[in-house]
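Welcome, and thanks for opening the viewer. Let's walk through this model together, one selection at a time.

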Amino acid sequence: IMKTDTISASPKARIKRKLSIIKEEVAGDINVDELVEDIRTEGRNLGYAPCELKYDKSFVIKAVQANPRALQFAVKEMKDDEDVVFAAVNLDGLALQYASERLR
């Protein structure tokens, strides 16, 4: 009996693989333009964005250009990024309050 292919991976490894496949499928379904529009309407939606987008500088810049006060919901690395903060503050000076202490 040669069923080693299906049982060679531990249950934990098989679950990790399945979760990885699901994550790829879900990430592929994300419409970035729709998400930016959601952020334009409600800045807090940046906080609900998928993790990989929260750390994507170009995405966060688009988000804060759509709604500068969304900077409040950005991850701390983006609040400390000069380009991201400038994109927000350039449109709304009040967004500066959400920047890192270093950039205020």
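**Stop one: a side chain reaching for the backbone**

Start by selecting Ile39 and Asn67: a polar atom of the Asn67 side chain lies 3.1 Å from the backbone oxygen of Ile39. Keep in mind as you look that this is a predicted model. Now add Arg40, whose backbone oxygen lies 3.5 Å from a polar atom of the Asn67 side chain.

Where does Asn67 sit? You will find Asn67 in the loop between H5 and H6. Is Asn67 buried or exposed? Asn67 counts as buried, because its relative accessibility is 14%, and the cut-off for buried is under 20%. To see what surrounds Asn67, show Ile39, Arg40, Glu42 and Gly43: leaving aside neighbours within four places in sequence, these are the residues in contact with Asn67.

**Stop two: helix H5**

Next, select residues 57–66, which form helix H5. Colour Phe59, Val60, Ile61, Ala63, Val64 and Ala66, which are buried in this helix. What do the buried residues of H5 pack against? Show helix H3 (32–41), helix H4 (51–54), helix H6 (76–79) and helix H7 (82–91), and you have the partners of those buried residues.

**Stop three: the nonpolar core**

Now select Ile39, Leu46, Phe59, Val60, Val64, Leu71 and Val84. These residues have the most contacts inside the largest nonpolar core, which has 25 residues. H3, H5 and H7 each supply at least two residues of this core, and its largest share, six residues, comes from H5. As background, nonpolar side chains tend to be buried together in soluble globular proteins.

Stay with Val84 for a moment. Which residues is Val84 in contact with, leaving aside its neighbours within four places in sequence? Select Lys57, Val60, Ile61, Val64, Leu71 and Met78 to see them.

**Stop four: out to the surface**

For a contrast, pick Asn90 in helix H7. Asn90 counts as exposed because its relative accessibility is 52%, and the cut-off for exposed is over 50%. Add Gln65 as well: Asn90 and Gln65 are 25 residues apart in sequence, and their C-alpha atoms are 8.8 Å apart in space.

**Last stop: the whole view**

Zoom out and display everything as a cartoon. The protein has seven helices and zero strands. Of its 104 residues, 30% are buried. Switch on the surface to finish: the protein exposes about 7400 Å², with carbon and sulfur atoms supplying 53% of it.

Key
Residues are numbered from 1 along each chain as its sequence is written. This is a predicted model: local features need pLDDT of at least 70, side-chain atom pairs count only at pLDDT 80 or more; totals for chains, interfaces and linings use all residues. Side-chain values use heavy atoms; hydrogens and water are left out. Buried means under 20% relative accessible area, exposed over 50%, partly exposed in between (1.4 Å probe, protein chains only). Helices (H or I, at least four residues) and strands (E, at least two) are DSSP runs, numbered from the N terminus. Contact means heavy atoms within 4.5 Å. A nonpolar core is a set of buried Ala, Val, Leu, Ile, Met, Phe, Trp, Tyr and Cys residues joined through side-chain atoms within 4.5 Å. Accessible areas come from the Shrake-Rupley method with a 1.4 Å probe; for residues, only the protein chains shown count as cover. A polar contact is a pair of N or O atoms within 3.5 Å; within protein, one must be able to donate a hydrogen and the other to accept it, and residues adjacent in sequence count only if both atoms are side-chain atoms.
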